[in-house]
Amino acid sequence: MKRTLLTAALTAGFLATAQVQAQKGTLTIESWRNDDLKTWNNILIPAFEKLHPDIKVTFSPSAPTDYNALLQTKLKGGSAGDIIACRPFDNSLELYKAKYLASLNDLAGLKNFSTVAKTAWSTDDGKTTFCVPTAAVIHGFLYNKGIFAELGLSVPKTEAQFLDTLKKIKANGKYAPLVIGTKDQWESATMGFQNIGPTLWGAEKGRIGLIAGTAQYNKGGFLAAFQALARWQPYLVGGYQALAYPDSQNYFGQGRGAIYPAGSWDIATFRGMNPKLELGAFQPYTFPGKKCTISDHPDIGFGLNAASPNKEAARVFLDWLATDQFAQLYANELPGFFPLANVNYTLKDPVAQQFVSWRKDCDKTFRSSYQILSRNSNPNNENDLWNASAQVLSGSMTPQQAGDFVQKNLASWYAPQKGK
Amino acid sequence: MRKRFPTHIVVFLLPAAAIYTLFMIYPLFTSLWLSLNNAVNNGPEHFVGLANYLRLFQAPEFSGPLWNALWNNLKFFLIHMAVQNPVGLLLAVLLSRQLAGTAFYRTVIFTPTVLSVVIVGFAWRLILNPQWGLHTTLLGLPSTSLITVALISVWQNVGIPMMLFTAALIRIPNEYFEAARMDGASPWRVFWSIQLPLIFPTLGIVSVLTFVGNFNAFDIIFATQGALGGPNFSTDILGTFFYRTFMGYQLQLGDPYMGSTIAGVMLLIILAGVIAYLVGWQRRIQDLQY
């Protein structure tokens, strides 16, 4: 009796340690890119595990809108994964300040990134970087080449041409002119306001003006952006108020819509959804007297959970993210995410190549609300832009009301904008 | 002879009381304690008394959404009271007559209650989707979204009042119905004069359960509209407002102190409702003897 008890106890003890070691060796990646699950599981993770057979990696994404809240909860509760996908700027800075993310200054691979690339994931003074910059996204418009050919349309370059094209598609009646829904709200801001807006507010000049207090959301270029967004209203796909992001992706992917206001990450989605779709792209249209500007937004980085039990393995993984091999794989398997590392890679997808080519001719900036301006919890500039843009698109707010609303909330807490 | 202290009662109650205290009472008090504290910019936590509550009701960035959420929640509750409970009662009365297929109907009507709310939310999102289902924008327009989500919730939960009323109706002895039939009463008269008065206590319980359930609601809105309570906060209720404030949303960071303040306010509202029920209704209803 005593012998069996002892044996049982010892076996249980061995199993327990074995279990703990198995857990110790597996890296878990937290991300909001649930669309990328197949790519990670089938291509990226096997490529890494071939180089490092002793490290197992799991990709464990959450839904995009829930990611930040979920991540906060997991970090507070100590159950977050080892590698954490970092949103750019303030969001991750707050995580670093709260000591959830570890400093990566000693990571060898970080020398492959320029200071500009690291800005989104470094402290204000630039001294500490806490996430490996992984990819940027560019905004523009995707269109269905088949529909354009069928209706005899050419690619619009100015706003007048754009609205004219939309009018022709709507008159034809077979296809939806502009496929974007307002139910999830973020597309209206991200692929609407932040897509055509930068041309109007003069790229970095406008964005930095907001931070300095010299530009306001309800004046000048920013107000013009709301007004330009309102001009989309008559051409939106039917039932757009109840279409969520996956619904509009499906709609365009099935070939029922002509133009899709896009972030470059959508290229990967449509390639996977409908490989036969004839995808084309054109850059954000210009306005009279304005130079073309694209939103070239550092979108995703990967950081290290400060409380991770697998720090050495995680650092090996993060180092791998700075290599040529990863950049080549990532850029081609997820066309539309453009690696930020100073490494060589070639893009195979023609539409992704088009997006990248706009960097040569156009001014660049990134989304206005991400640096410093979203540091306040409530009211939050990004959330306000979502609300305002969705209402402008659905016609329940005038552009001036939208600008006033966003500006009022920003001025209520942000010192340089107080009283403006 | 002095009665011995009934220690066996304490022993039998202890496990349940311990678990209830650990998982319900303790979190409740720590949450209330959290609402009385604040920490600025990841600094140390310090006691601030009722400052958070004052801020919740006075600062425009909090009081606006709070009153909006409260008003939406009230509408949500009234729709349930107007639709769910009367329909549940009607179904219970109809199914209390021995018709063919009663058991089948009861099962089918009760099944949505058993379904996960995520499935219900997702299924209705597809049905009410202009792309996949009926060509409606009911969930996307501020004027119709709250009513629509409330009706989805009614659809899911009508089984519970139905079952509670059925249980109460079964208790009514048959002699009353026989006597009424011999006196020539119509079914409607039977309902109004016999069935309804004898299930008054159940009516009260169902109402207070609806109240508590609706003011605690969160999951159906989250599943159909997301945590922002869109469009334009028209479906934002106390539960979703709390979730966004406590956990954060997108770039908005979570604030556990204001979050627990909102939770404290929710507790006060529900407590007020339940106390009103207990004092105003429960004590007045005589225990019915047959």
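# A tour of chains A and B

Select Met247(B) to begin: this residue sits in helix 12 (residues 238–247) of chain B. Helices (H or I, at least four residues) and strands (E, at least two) are DSSP runs, numbered from the N terminus. This is a predicted model, in which local features need pLDDT of at least 70, side-chain atom pairs count only at pLDDT 80 or more, and totals for chains, interfaces and linings use all residues. Residues are numbered from 1 along each chain as its sequence is written, while chains are lettered from A and ligands numbered from 1 in the order in which they are written.

**Stop 1: around Met247(B)**

Met247(B) has 22 other C-beta atoms within 10 Å and is therefore buried. The cut-offs are 20 or more other C-beta atoms within 10 Å of a residue's own for buried, 12 or fewer for exposed, and partly exposed in between, with C-beta atoms placed from the backbone. Next, add Gly259(B), which is twelve residues from Met247(B) in sequence and 8.0 Å from it in space, C-alpha to C-alpha.

Which residues does Met247(B) contact, leaving aside its neighbours within four places in sequence? They are Ala69(A), Gln72(A) and Thr73(A) on chain A, and Gly254(B) on chain B. Two residues are in contact here if their C-beta atoms, placed from the backbone, lie within 7 Å.

**Stop 2: helix 3 of chain A**

Follow those contacts across and select helix 3 (residues 67–77) of chain A, where the buried residues are Tyr67(A), Asn68(A), Ala69(A), Leu71(A), Gln72(A) and Leu75(A). The cover over these buried residues includes strand 1 (26–31), strand 3 (83–86) and helix 4 (90–97) of chain A. It also includes helix 12 and strand 3 (248–249) of chain B. Just after helix 3 of chain A, look at Gly78(A), which takes a positive phi of about 75°.

**Stop 3: where chain A touches chain B**

Widen the selection to the contact between the chains: 34 residues come from chain A and 27 residues from chain B. On the side of chain A that touches chain B, helix 3, helix 4, helix 11 (245–253) and helix 16 (381–394) of chain A each supply at least two residues. Helix 16 of chain A gives the largest share of that side, five residues. By class, the side of chain A that touches chain B has seven nonpolar, 20 polar and seven charged residues. Ala, Val, Leu, Ile, Met, Phe, Trp, Tyr, Cys and Pro count as nonpolar, Asp, Glu, Lys and Arg as charged, and the others, Gly among them, as polar.

**Stop 4: the domains of chain A**

Colour chain A by domain: domain 1 is 2–136 + 297–352 and domain 2 is 138–296 + 364–417, with bounds from an automatic or database domain assignment. The centres of the two domains, taken over C-alpha atoms, are separated by 30 Å. In the contact, 15 residues of domain 1 of chain A meet 19 residues of domain 2 of chain A. On the domain 1 side, strand 8 (293–304) and helix 15 (350–361) of chain A are the elements that give two or more residues. That side has ten nonpolar, two polar and three charged residues.

**Stop 5: a helix pair in chain A**

Select helix 10 (residues 220–230) and helix 17 (residues 399–411) of chain A, which pack at an angle of about 135° with their axes 8 Å apart. Axes are lines fitted to C-alpha atoms, for helices over the stretch in contact, and angles run from 0 to 180 degrees between N-to-C directions. Helix 10 and helix 17 of chain A are therefore oblique to each other; angles under 35 degrees count as roughly parallel, over 145 as roughly antiparallel, 65 to 115 as roughly perpendicular and the rest as oblique. The contact is made by Phe222(A), Leu223(A), Phe226(A), Gln227(A) and Ala230(A) of helix 10 and Pro399(A), Gln400(A), Ala402(A) and Gly403(A) of helix 17. These residues divide into six nonpolar, three polar and no charged.

**Stop 6: a loop residue in chain A**

Finish at Asn105(A), in the loop between helix 4 and helix 5 (115–119) of chain A. Is Asn105(A) buried or exposed? Asn105(A) counts as exposed because it has 11 C-beta neighbours inside 10 Å. Thr128(A) lies 23 residues away along the chain, and its C-alpha atom is separated from that of Asn105(A) by 6.1 Å. Leaving aside neighbours within four places in sequence, Asn105(A) is in contact with Thr128(A) and Thr129(A).
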